[in-house]
Amino acid sequence: MRRYPLVPRTTADLELGDLFAVPLKGGDLAVLQVRGLKTSGSGAYTHFVAGVVDWRSPALPVGFDLRGRRVLVEGLLRFETFGPGRAEVFGNTDLVVPPVAWSELAKAFSAGTTDEVWSWKSLRRRAETALRDRATDVRGS
């Protein structure tokens with residue numbers, strides 16, 4: 001049985017559905033979910049696909065807080081996201097709703113294509129942009 005928080009040593013320690021947080025400006029947290037893993041070929045054990053979940057709060061989600069939440073955007077991340085003093089896995093769930101075009105990035109990644117890689121330094125900006133765009137979409141509808 002896995003224990004949390006988990007600081008993975010390689011992507012082999014990750015599982016689909018794993019959750020990790022990114023601190024945002026103002027003290028809130030964004031949640032990202034592991035959406036795609038690769039165990040062989042180019043990028044295996046060094047990259048993974050994660051999605052920004054529609055969640056922003058000063059506290060980590062618990063229980064069923066993420067039930068029905070959507071993945072707003074997916075990106076290809078390097079494993080350095082989990083380097084010393086950075087992200088750690090705090091849980092795992094299958095309650096998050098995948099994007100409409102479910103894991104097209106994850107499918108392409110598993111086929112060995114080349115995509116833009118999100119650096120760990122850009123995660124805050126990427127999450128804030130996705131959450132801001134989501135808030136704008138909700139107000140505009």
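Is arginine 78 buried, partly exposed or exposed? In this predicted model, arginine 78 counts as partly exposed, because its relative accessibility is 38% and the partly exposed class lies between the limits of 20% and 50%. The side chain of arginine 78 meets that of glutamate 80 in a salt bridge, with an N to O distance of 3.7 Å. Glutamate 80 likewise counts as partly exposed, at 30% relative accessibility.

This pair belongs to a wider set of charged contacts, for the count of salt bridges comes to five. One of them joins the side chains of glutamate 15 and arginine 2, at 3.3 Å from N to O. Both residues lie in the segment before β1, so the pair ties together parts that are 13 residues apart in sequence. Glutamate 15 is partly exposed, with a relative accessible area of 38%, and arginine 2 is also partly exposed, at 23%. The contact is part of a network of salt bridges that links Arg2, Glu15 and Asp18.

A further salt bridge is formed by the side chains of aspartate 28 and arginine 56, where the N to O distance is 3.2 Å. Aspartate 28 is located in the loop between β1 and β2 (29-36), while arginine 56 is in strand β3 (residues 47-57), so this pair ties together parts that are 28 residues apart in sequence. Arginine 56 is partly exposed, with a relative accessible area of 40%.

Strand β4 offers two buried residues for inspection. Glutamate 74 is found in this strand, which spans residues 71-78. Its relative accessible area is 15%, and glutamate 74 is therefore buried, since the limit for that class is under 20%. The side chain of glutamate 74 is joined to that of arginine 35 by a polar contact of 3.3 Å.

Leucine 76 also lies in strand β4. With a relative accessible area of 5%, leucine 76 is buried. Its C-alpha atom is separated by 5.9 Å from that of tryptophan 118, although the two residues are 42 residues apart along the chain.

The backbone deserves attention as well. Most peptide bonds are trans. The bond that joins tyrosine 4 and proline 5, however, is a cis peptide bond, with omega at about 0 degrees. Proline 5 has its place in the segment before β1 (18-23), and that segment also holds glutamate 15 and arginine 2.

How values were computed:
Residues numbered from 1 in each chain as written. Predicted model: local features only at pLDDT ≥ 70, side-chain atom pairs only at ≥ 80, totals over all residues. Heavy atoms only, no water. Helix = DSSP H or I, 4+ residues; strand = E, 2+ residues; numbered from the N terminus. Buried < 20%, exposed > 50% of the residue type's maximum accessible area, 1.4 Å probe, protein only. Polar contact = N/O pair within 3.5 Å; in protein donor to acceptor, adjacent residues only side chain to side chain. Salt bridge = Lys/Arg side-chain N within 4 Å of Asp/Glu carboxyl O.
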